[in-house]
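This report describes the architecture of a two-chain model, from domain contacts to individual elements. The sequence and structure are shown first.

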Amino acid sequence: MVCNWCTKHGAGKKWYMNAKNYSNELADELRAKEYLTEQWTNFEQVYIRKIMGISSIDLGYKLKLPIIGRVLRWQAERMIHSESKNRNPRRADGHFGQVVPLEEAKVILGNLAAEPIIENYCMCRWMQRGIKERCCINFGVLSTVIERLPRFIPENNTARISREEAMERIEEHNRRGYVASVWFQPVPYINAICSCENPECGGLRLRRDFGLHTVYKSEYVMSVDADKCQACGMCVHRCQFGAIRLVPSLGRAIVDPKVCWGCGVCRHSCTHDALGLMPREDVPIARGRY
Amino acid sequence: MLGLPEKIRIEIDYEKCGEKGKIDPRECCRCLRVCDPAVFIMHETVGLEQDPIDPQYWRITPVWNSLCTKCMKCVEVCPEGAIRVW
């Protein structure tokens, strides 16, 4: 069993390992330049756009309303995953992603990402905290779009980085505790690897707080080697998702596979080599739960 | 009984913060950063009700009200007293 998006856009592989999804030809076919220009020029307004004529301000309240809430949720999911020709870039229709562990993020940046590659300010952190942190790695057509928007790029337009630099940078962000994620924008064109955190990331917010599938869990789940774990608890602090607990009586950490996103970030904190990723498919309770 | 969820109201006085106020939210950002659940967003007003020819206005909008914990830190931290939560 693989995820729906791998079946549709993976050509027998994981969707983000299919080279075609990164190609300039696909970008042209989807008129991605127009879409992305419209989307990114107006990005900070994405959460105040309307869904079915209803403003998405206080979406959390509206989703809890009887009847209206269910219709709203159905429509929001349709928008997020839209592959229709007339999707609305201002609402980011067709924009969603998946968490990936560092190893896969590096494969993407080293082999699959279309040039030019840039590292720009995280738009979520900018709009939600007013913080400009250079940690979003974008590529292909999206790079040339963002380079024209001064609020997202360092002064003197020095956003471009090499493949090697991109791989180094994603490792730095991952070690810092940020979760790597890869994005369709719009589906099936892939052009970004983000380094996300809770609760600033818009994708993680919509998924975690409201259950909308803007971002999927990774293809992996973390597991603890009980023999190696020394119960230091460092991994517990690292987890952005609250999936790890220290169990004093056992003298080890345990991971809840239903909560774990399989980002692999906790591994950077383990000095006893006790943490390892397992394929999600091999963990019965997590299988198919993206 | 429909059992409506609790509605948390957060209001920003744009006469004090934003296009008409003294403060450009991009220079302040205090409410954005003090809020643990990150309830606010900062955005341009172009294409909303402002003149699209002059897009240089920015404002703060509370968008994730349902996640607000009513800690009132934003109300306290705002130098213009522009935020109300109830």
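In this predicted model, 10 residues of domain 1 of chain A are in contact with 10 residues of domain 2 of chain A. On the domain 1 side of this contact, α9 (163-176) and β7 of chain A each supply at least two residues. By class, the residues on that side comprise five nonpolar, three polar and two charged. The domain assignment places domain 1 of chain A at 4-211 and domain 2 of chain A at 220-282. The centres of the two domains, taken over C-alpha atoms, are separated by 27 Å.

Chain A as a whole contains 11 helices and 13 strands. Its radius of gyration is 19 Å, close to the 19 Å that the globule rule gives for 290 residues, so chain A is as compact as a globular protein of that length. The C-alpha trace of chain A spans about 55 × 50 × 40 Å along its principal axes.

The table sets out corresponding values for the two chains.

| Chain | Helices and strands | Buried residues | Contacts at least 24 apart, among those at least 6 apart |
|---|---|---|---|
| Chain A | 11 helices, 13 strands | 48% of 290 residues | 65% of contacts |
| Chain B | three helices, four strands | 34% of 86 residues | 62% of contacts |

Within chain A, helix α10 (residues 202-210) has several buried residues: Gly202(A), Gly203(A), Leu204(A), Arg205(A), Leu206(A) and Arg207(A). Which elements cover the buried residues of α10(A)? The covering elements include the strands β3 (96-99), β7 (179-184), β8 (190-196) and β9 (215-216) of chain A, together with the helix α7 (123-129) of chain A. Strand β7 of chain A therefore appears in two settings, because it is among the elements that cover α10(A) and also supplies at least two residues of the side of domain 1 that touches domain 2. Just after α10(A), Gly211(A) adopts a positive phi of about 70°. Residue 211 is also where the bounds of domain 1 of chain A end.

Chain B follows the pattern β-α-α-β-β-α-β when read along its sequence. How many residues of chain B are in contact with chain A? Here 20 residues of chain B are in contact with 19 residues of chain A. On the chain B side, α2 (30-34) and β2 (40-44) each supply at least two residues, and β2(B) gives the most, with four residues. The side of chain B that touches chain A has 11 nonpolar, five polar and four charged residues.

Strand β2(B) is mostly covered, with five of its five residues buried. In a regular strand the side chains alternate between the two faces of the sheet. Both faces of β2(B) are covered: Phe40(B), Met42(B) and Glu44(B) are buried on one side, and Ile41(B) and His43(B) are buried on the other. Strand β2(B) pairs with strand β3 (residues 58-62) of chain B in the antiparallel sense, over five bridges. Within this pair of strands, Ile41(B) stands opposite Thr61(B) in β3(B). Strand β2(B) thus takes part in the pairing with β3(B) and in the side of chain B that touches chain A.

Note on methods:
Residues numbered from 1 in each chain as written. Chains lettered and ligands numbered in written order. Predicted model: local features only at pLDDT ≥ 70, side-chain atom pairs only at ≥ 80, totals over all residues. Buried ≥ 20, exposed ≤ 12 C-beta atoms within 10 Å, placed from the backbone. Contact = placed C-beta atoms within 7 Å. Nonpolar A, V, L, I, M, F, W, Y, C, P; charged D, E, K, R; others polar. Pairing = 2+ DSSP bridges. Domains from an automatic or database assignment. Rg over C-alpha atoms; globule rule 2.2 N^0.38 Å.
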